[in-house]
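Student: I would like to work through this model with you, one question at a time, before I go back to the bench.

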Amino acid sequence: MKAKAVLTAMTAFLCMSALAAAASASTTPPDPAPGGPQRPYEPDVEGTRNLDSLTVTATQGPGRSVTIAFDRRSRAETGQVPAGPRRFVFLFDRTVRFNPEAFPTCARSVIEERGVNACPEGSRIGGGQGKTADGKTQEVHAFNTRLGRGPGLLVVIPDTGVILEQTLERVSDPYRKDYRWAWDEIIPPTSVPPQERAGTTRFQLSFGATIEHKGRTVGFAETTAKPGDVLSFGLWSEFVTGQVVLPTDRTRLTSGGR
């Protein structure tokens, strides 16, 4: 009887452990762009949990163009400095599409050798700023580029020399209900140990520029929505601790004048 009781208890424990693991896995937002470039493997490290929030604005411009501005805020659950990121995936409302082929491109080698001012006119399609835990603010630029055979973006922080690559990806299920396209940004490993990589407390990045192309004003980002319509956005984020979060925002399209 005693052996049977022990076996029953062990069975119950294993079942509960499996259910707990399944419940934990189900709360982790799945990868919205699994077909994109893969980040080199790094084991998770111990660190604080990040508490993230997202605010997005969408402002209509000439024609169907729209400027979409992401404003991510992050704080550490414990301590002062948020854990460093591995990857960000910017998610855009189903009404939004992109026209990178209409804009000049800037190669990564140009920026590395001569700086952002050497990029062709019209290749800068957005930008913003980042803020670190010590209060420092850094300017951010976003340039249209080509990555392999596909469209891409270069997110550049001149103060630190950081150049990050984003690829344009179609989102996977279950995200297709709200989104269609994603810009997938991988933060590559560095010589700095993962537990010592600091995350930003605030990061603002906009996507939006216009150009005259084939006789009309073309937006880098365009939308079929009308002013007043509500659009959905998200920012899937993975950190060196293995934590994955997905802050989202729903915002009304506003008119910026024509």
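**Cavity, pocket, strands and disulfide**

Tutor: Sorted by class, the residues lining the largest cavity comprise five nonpolar, no polar and one charged. Please keep in mind throughout that this is a predicted model.

Student: Which residues line the largest cavity?

Tutor: The space in the largest cavity comes to about 50 Å³, and strand 2 (66-76) and strand 3 each supply at least two residues of its lining. The lining is made up of Phe-70, Arg-72, Phe-88, Phe-90, Phe-203 and Leu-235.

Student: Which strand gives the most to the lining of the largest pocket?

Tutor: The largest pocket has a volume of about 740 Å³, and among the 29 residues that line the largest pocket, those closest to its centre are Pro-85, Ile-157, Val-162, Ile-187 and Ala-198. Two elements give two or more residues to this lining, namely strand 3 (85-93) and strand 8 (162-170). With three residues, the element that gives the most is strand 8.

Student: How many charged residues are in the lining of the largest pocket?

Tutor: When the lining of the largest pocket is divided by class, 15 residues are nonpolar and eight are polar. The charged residues in the lining of the largest pocket number six.

Student: In which sense, parallel or antiparallel, do strand 14 and strand 16 pair?

Tutor: Strand 16 (residues 248-255) also pairs with strand 1 (residues 50-60), in the parallel sense and over three bridges, and there Gln-60 stands opposite Ser-255 of strand 16. On strand 14 (residues 230-239), Leu-231 stands opposite Thr-251 in strand 16. Strand 14 and strand 16 pair over five bridges, and the sense is antiparallel.

Student: Why is the disulfide of Cys-106 and Cys-119 given a hand, and is it left-handed or right-handed?

Tutor: The structure holds one disulfide, in which the sulfur atoms of Cys-106 and Cys-119 are 2.0 Å apart. Cys-106 lies in the loop between strand 4 (96-98) and helix 2 (108-114), and Cys-119 in the loop between helix 2 and strand 5 (124-131), so the pair ties together parts that are 13 residues apart in sequence. Because the torsion about the S-S bond of Cys-106 and Cys-119 is about -70°, the disulfide is left-handed.

Student: Does Cys-119 count as buried or exposed?

Tutor: Buried means under 20% relative accessible area, and its partner Cys-106, at 1% relative accessibility, counts as buried. Because Cys-119 has 11% relative accessibility, Cys-119 counts as buried.

Notes:
Residues are numbered from 1 along each chain as its sequence is written. This is a predicted model: local features need pLDDT of at least 70, side-chain atom pairs count only at pLDDT 80 or more; totals for chains, interfaces and linings use all residues. Side-chain values use heavy atoms; hydrogens and water are left out. On a 1 Å grid over the protein atoms alone, a cavity is a set of points where a 1.4 Å probe fits but cannot get out, and a pocket is an open set with protein on both sides within 12 Å along at least five of seven lines; lining residues have an atom within 4 Å of a point. Grid points are joined across faces, edges and corners, and a volume is the space filled by probe spheres set on the points. Helices (H or I, at least four residues) and strands (E, at least two) are DSSP runs, numbered from the N terminus. Ala, Val, Leu, Ile, Met, Phe, Trp, Tyr, Cys and Pro count as nonpolar, Asp, Glu, Lys and Arg as charged, and the others, Gly among them, as polar. Two strands pair if DSSP finds at least two bridges between them. A disulfide is a pair of cysteine sulfur atoms within 2.5 Å. Buried means under 20% relative accessible area, exposed over 50%, partly exposed in between (1.4 Å probe, protein chains only).
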